[in-house]
Amino acid sequence: MGIKLIVLVVIVLAVIAVAQIMRVYELSSKLKGHREEDVDLKANNLNAGLFLVFLAVFFGSFFWMLAVYGNGLNPPAASEHGQDVDWLFNINWAIVFTVFLSTNFLLFFFAYKYSYNPDRKAFYFPHDNKLEMIWTIIPAAALAVIIILGLMTWNSITGKPSDDAVIVEIYAKQFDFTARYSGDDNKLGYADYKLVNGTNPLGVITEENIETRLAEIDETIENNQTKLDAFHSDTGEVTMSAVTELKLQREIEKMGRIRMRIEKMQRSFTEDSVNIFDYANDDFMTKITLFMVKDQEYQFVFRSQDVIHSAYFPHFRAQMNCVPGMRTTLKFKPIFTTQEMKEMTGNPDFEYILLCNKICGASHYNMNMPVYVGTQEEFDAWVDGENNVTPIIAPATEETTNNSVEEGNEEAGADESESNTDDSENGPEA
Ligand SMILES: [Cu+2]
């Protein structure tokens, strides 16, 4: 305690002493006939030299950090268009580095070179149109080139896929991804959020799923009605509050509206000349791994059940928002297998990954899906393997009611249904 106090007193006294010395110096300068703001040539030249020293330290630390942290970036792009993205990125780096190094060099070097010299007279240079033109047109042209190249690449990423592209749906919800493969016909079955329940997490439209969902809704309505009836029973016993009664009535009305919409949708489909139920027949899905085949182009269709998520494939330099109520798409072609990437990166544990890149809730940090790139033979073996994928058309014996999950999902779906149209949100081809 005593030592600390002494140190504090010494510091305070030292500051006062320095201030006093400065004051004495200023007063003595005044006595010699100098003005307070005058800087003598020695101090001036010292400052000029220090600008050069600062420049060296500044650039030195810049290159040092580049060497130490520059390797923390992603490994080489593993998709065809990812290489275009990296090329664009490198162009931007080249421009940024050139501008940064040249302007900062000139800034500090000129501060040194043109420091005060009593023998030199300043040149009066107020304005120059030619210079203004140069520093307007060159950055504008550079930006235009960057934007045009960027748009061209973006359009090729999000544009129409080639005819042999494999269509895969990525379905996002809090807090996981499900991949749905379109099967042999390469067409995804239609889907609608109103059909989402425990056995049909993606809301895929099949005749059976519609029937199951309608039966579930009927059951919920019936259960709620039974509870309501009990409330109004003749015994006069009050079994629930008025709030609960209102809630039950609302729930029954809501379920009734959803039922009507599903029936309307059902009618519009059976009248349709194309049997859209067929598309879903060969679809299969997985939550375990997104398996892709090397050199095969993929067209991804993204949907979300609840909030906006973002499907981010860092190694393929691809990212797309998953937005509730709409489909977004993105295509890319993986060009290195997982095994090849392990060798290229020298990391035996290397694994591709799909991440959520939108802060979508409490467990957002944990929302991801491993991605594997292999050969066609590996893929076929994987599909045939047990428990890797689940067919969309569930075996008939499976239990079809799961009320807790169904009610939780319906909450989000029903709210949306108040404002949205009844159109199914996911057709095989828009
Ligand atoms: Cu998310």
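**Close-up views of helix pairs and sheets**

**View 1. Helices α2 and α3 are roughly antiparallel to each other.** Welcome to this predicted model; our tour begins with a helix pair. Helix α2 covers residues 41-69 and helix α3 covers residues 80-113. Their axes come within 7 Å and cross at roughly 160°, and because angles over 145 degrees count as roughly antiparallel, the pair earns that description. The crossing of α2 and α3 is left-handed. On the α2 side, the contact is made by Ala48, Gly49, Phe51, Leu52, Phe54, Leu55 and Phe58. From α3 come Asn104, Phe105, Phe108, Phe109, Ala111 and Tyr112. Sorted by character, the residues of this contact comprise 11 nonpolar, two polar and no charged.

**View 2. Helix α3 also packs with helix α4.** Stay with α3 and look for α4, which spans residues 129-158. Here the axes are 10 Å apart, and the angle is about 170°, so α3 and α4 are roughly antiparallel to each other. In this contact, His81, Asp84, Val85, Leu88, Asn92 and Ile95 of α3 meet Ala142, Ile146, Leu149, Gly150, Thr153, Ser156 and Ile157 of α4. Seven of the residues in the contact of α3 with α4 are nonpolar, five are polar and one is charged.

**View 3. Six strands form an open sheet with mixed pairing.** To find your way across this sheet, follow the order β8-β5-β1-β2-β3-β11. The edges are β8 (328-332) and β11 (390-391). Each of these two strands has a single partner strand, so one side of each is left without a neighbour in the sheet.

**View 4. Strand β5 pairs with β1 and with β8.** Zooming in on the six-stranded sheet, we meet β5, made up of residues 298-304. Strand β1 (residues 166-173) runs parallel to β5, and seven bridges join the two. Valine 166 has tyrosine 298 of β5 as its bridge partner, while isoleucine 170 is partnered by phenylalanine 302 of β5. With β8, strand β5 runs antiparallel, and five bridges join them. Tyrosine 298 appears in this pairing too, standing opposite phenylalanine 332 in β8. Of the seven residues of β5, six are buried, so this strand is largely enclosed by the rest of the structure.

**View 5. An open sheet of five strands also has mixed pairing.** Reading across, its order is β4-β10-β9-β6-β7. Strands β4 (290-293) and β7 (318-322) lie at the edges, and each pairs on one side only. On average, neighbouring strands of this sheet are turned by 20° against each other, direction ignored.

**View 6. Strands β9 and β10 run antiparallel.** This closer look at the five-stranded sheet picks out β9 (residues 352-356) and β10 (residues 368-374). Four bridges join the two strands. One pair to look for is isoleucine 353 with its bridge partner in β10, proline 370.

**View 7. The protein chain has 10 helices and 11 strands.** Stepping back, we can place the earlier views in the whole chain. Of its 430 residues, 21% are buried. Among the contacts in the chain with a separation of 6 or more, 73% come from residues 24 or more positions apart.

Notes:
Residues numbered from 1 in each chain as written. Predicted model: local features only at pLDDT ≥ 70, side-chain atom pairs only at ≥ 80, totals over all residues. Pairing = 2+ DSSP bridges. Axes fitted to C-alpha atoms, helices over the stretch in contact; angles between N-to-C directions. Parallel < 35°, antiparallel > 145°, perpendicular 65-115°, else oblique. Left-handed = near helix turned anticlockwise from the far one by under 90°. Contact = placed C-beta atoms within 7 Å. Nonpolar A, V, L, I, M, F, W, Y, C, P; charged D, E, K, R; others polar. Buried ≥ 20, exposed ≤ 12 C-beta atoms within 10 Å, placed from the backbone.
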